[in-house]
Amino acid sequence: MTTPEAPDSSRPPKAPRRRRTGRWVMLTLAVLVVAGAGTGYWMYSQLDGNIKGVDLDKSLGDDRPAKLPTSGQNVLVLGSDSRAGANAGLDTGHVAGARSDTALVIHIPEGRKQAVAVSIPRDTLVTRPECVKDDGAKLPSANRVMFNSVYSAAGPACVVKTVEKMSGVRLDHFVEIDFAGFKGLVDAIGGVPVTVDRDIHDSSSGLDLAAGTHRLDGTQALQFVRTRHGIGDGSDLGRIGMQQKFLMALLAEIKQQDLLGSPTKAYAVADDLTTALTTDSQLASLTKLAEFSRSMNGVDTSTMETIMLPVRYDTQDPNRVVAAEPQAKQLWTALRSDGTIPESAKKSPARGGATP
């Protein structure tokens with residue numbers, strides 16, 4: 001069991017303002033940049049076969065929330081922690097199956113000017129709806145299950161269905177990348193510089209950093225976004241601030257390198273990512289990713305806000321959290337209507353913790 005912790009209220013540093021866009025998704029960022037480049041696109045068409053697709057319409061049917069009343073978009077981004085395949089050697093622990101270790105609902109409002117990323121804590125207790133597993137078998141609904149267990153129980157389509165049921169928000173797209181792809185992205189761009197204010201020593205993740213600025217390679221980046229024991233009171237919620245901090249550092253580094261001006265590096269990034277990428281069927285090719293990327297031409301990553309789903313500690317199990325009301329309802333209502341998120345919806349009753 002983990003010790004409860006709340007999200008850090010400090011803001012992660014913002015990346016410098018720039019015109020190029022389509023880079024607001026933490027783990028699929030580089031693919032969108034490469035796909036949207038246009039020039040020399042034929043070089044990357046052979047990578048289409050690497051991308052795996054999930055037919056959400058077939059898996060979920062018609063019992064879904066209504067689409068946004070505007071041209072806004074909602075995208076669920078998952079970072080999966082399967083210990084199989086290439087991930088087996090990444091020192092990610094010894095847990096059977098796979099979990100959705102990172103979950104972000106990315107909301108891009110009408111006008112495509114400002115995006116918001118809502119992190120869903122992995123230890124949040126949720127009601128899992130009835131789902132159809134990959135083998136066709138039905139998985140009955142269940143109450144009070146950990147959010148990150150839904151993936152291992154029934155796959156990504158069930159995670160989409162769970163998020164839609166708990167939020168009432170229609171998810172237009174789904175994107176997943178595993179640990180191996182995340183490591184490949186960071187290594188392909190030559191690492192990501194991150195500044196920490198104090199020493200971090202986490203024997204669980206393997207992260208060992210002195211206070212200061214460090215350029216993290218792929219293995220260290222994985223350790224960084226998985227670290228919780230070296231910060232705050234050691235709970236899983238502490239990871240949220242770490243992940244948000246790394247997100248902004250990754251965005252800034254990709255912008256600074258200008259991958260569009262380096263076809264060789266862009267190809268290496270795309271090759272690493274597409275082999276580890278799963279999307280909904282509407283995005284499951286570089287052509288479709290390129291079209292979606294170009295539709296985001298107004299989004300400015302320097303204004304992207306990262307917040308956490310408001311939570312409180314569960315009264316029956318203090319090592320778990322549940323959505324805090326009325327804050328969570330206010331948040332989801334704003335996303336459903338493509339409206340402004342009230343400040344009250346950005347605060348959790350569960351407070352404390354720290355980020356580096």
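At 22% relative accessibility, Lys-183 counts as partly exposed, and this residue offers a convenient way into the predicted model described here. Its partner is Asp-187: the two side chains form a salt bridge in which the closest N and O atoms are 3.0 Å apart. Asp-187 is likewise partly exposed, since its relative accessibility of 35% lies between the limits of 20% and 50%. Both residues belong to helix α5 (residues 179–188), and because they are 4 residues apart, about one helical turn separates them. An α-helix has 3.6 residues a turn, so residues three or four places apart point the same way. Side chains of opposite charge can pair when their charged atoms come close.

The bridge within α5 can be set beside the rest of the charged pairs. The structure holds 10 salt bridges. Among them is the pair formed by Arg-144 and Asp-314, with 2.8 Å between the closest N and O atoms. This pair connects distant parts of the chain, as Arg-144 sits in strand β8 (residues 142–146) and Asp-314 in the loop between β16 (311–313) and β17 (321–323), 170 residues apart. The two partners have unlike surroundings: Arg-144 is partly exposed, with a relative accessible area of 40%, whereas Asp-314, at 7%, counts as buried because buried means under 20%.

A further bridge joins the side chains of Lys-346 and Glu-305, at 3.0 Å from N to O. Here too, distant parts of the chain are linked: Lys-346 lies in the segment after α10 (327–336) and Glu-305 in strand β15 (residues 305–308), with their positions 41 residues apart. In this case both Lys-346 and Glu-305 are buried. Salt bridges also link Asp-57, Arg-64 and Glu-164 in a network.

Glu-164 leads on to helix α4, where it is one of the buried residues. This helix is mostly covered, with 10 of its 12 residues buried. The buried set includes Pro-156, Ala-157 and Cys-158, as well as Val-159, Val-160 and Val-163. Lys-161, Thr-162 and Ser-167 are also among the buried residues of α4. The geometry of the helix can be checked by simple arithmetic. At 1.5 Å a residue, the 12 residues of α4 (residues 156–167) should span 16 Å, and the end C-alpha atoms are 17 Å apart, so expectation and model agree. Just after α4, Gly-168 takes a positive phi of about 75°.

Leu-78 provides a view of the strands. This residue is placed in strand β2 (residues 73–80) and is buried, as its relative accessible area is 0%, under the 20% limit. The C-alpha atom of Leu-78 is separated by 4.6 Å from that of Glu-176, although the two residues are 98 residues apart along the chain.

These local features belong to a protein with 10 helices and 17 strands. Of its 356 residues, 58% count as buried. Among contacts with a separation of 6 or more, 72% come from residues 24 or more positions apart. The Leu-78 and Glu-176 pair, 98 residues apart with C-alpha atoms separated by 4.6 Å, gives a local example of distant positions brought together. Finally, the protein exposes about 14300 Å², of which carbon and sulfur atoms supply 49%.

Terms used
Residues are numbered from 1 along each chain as its sequence is written. This is a predicted model: local features need pLDDT of at least 70, side-chain atom pairs count only at pLDDT 80 or more; totals for chains, interfaces and linings use all residues. Side-chain values use heavy atoms; hydrogens and water are left out. Helices (H or I, at least four residues) and strands (E, at least two) are DSSP runs, numbered from the N terminus. Buried means under 20% relative accessible area, exposed over 50%, partly exposed in between (1.4 Å probe, protein chains only). The expected span of a helix is 1.5 Å times one less than its number of residues. A salt bridge is a side-chain nitrogen of Lys or Arg within 4 Å of a carboxyl oxygen of Asp or Glu. Contact means heavy atoms within 4.5 Å. Accessible areas come from the Shrake-Rupley method with a 1.4 Å probe; for residues, only the protein chains shown count as cover.
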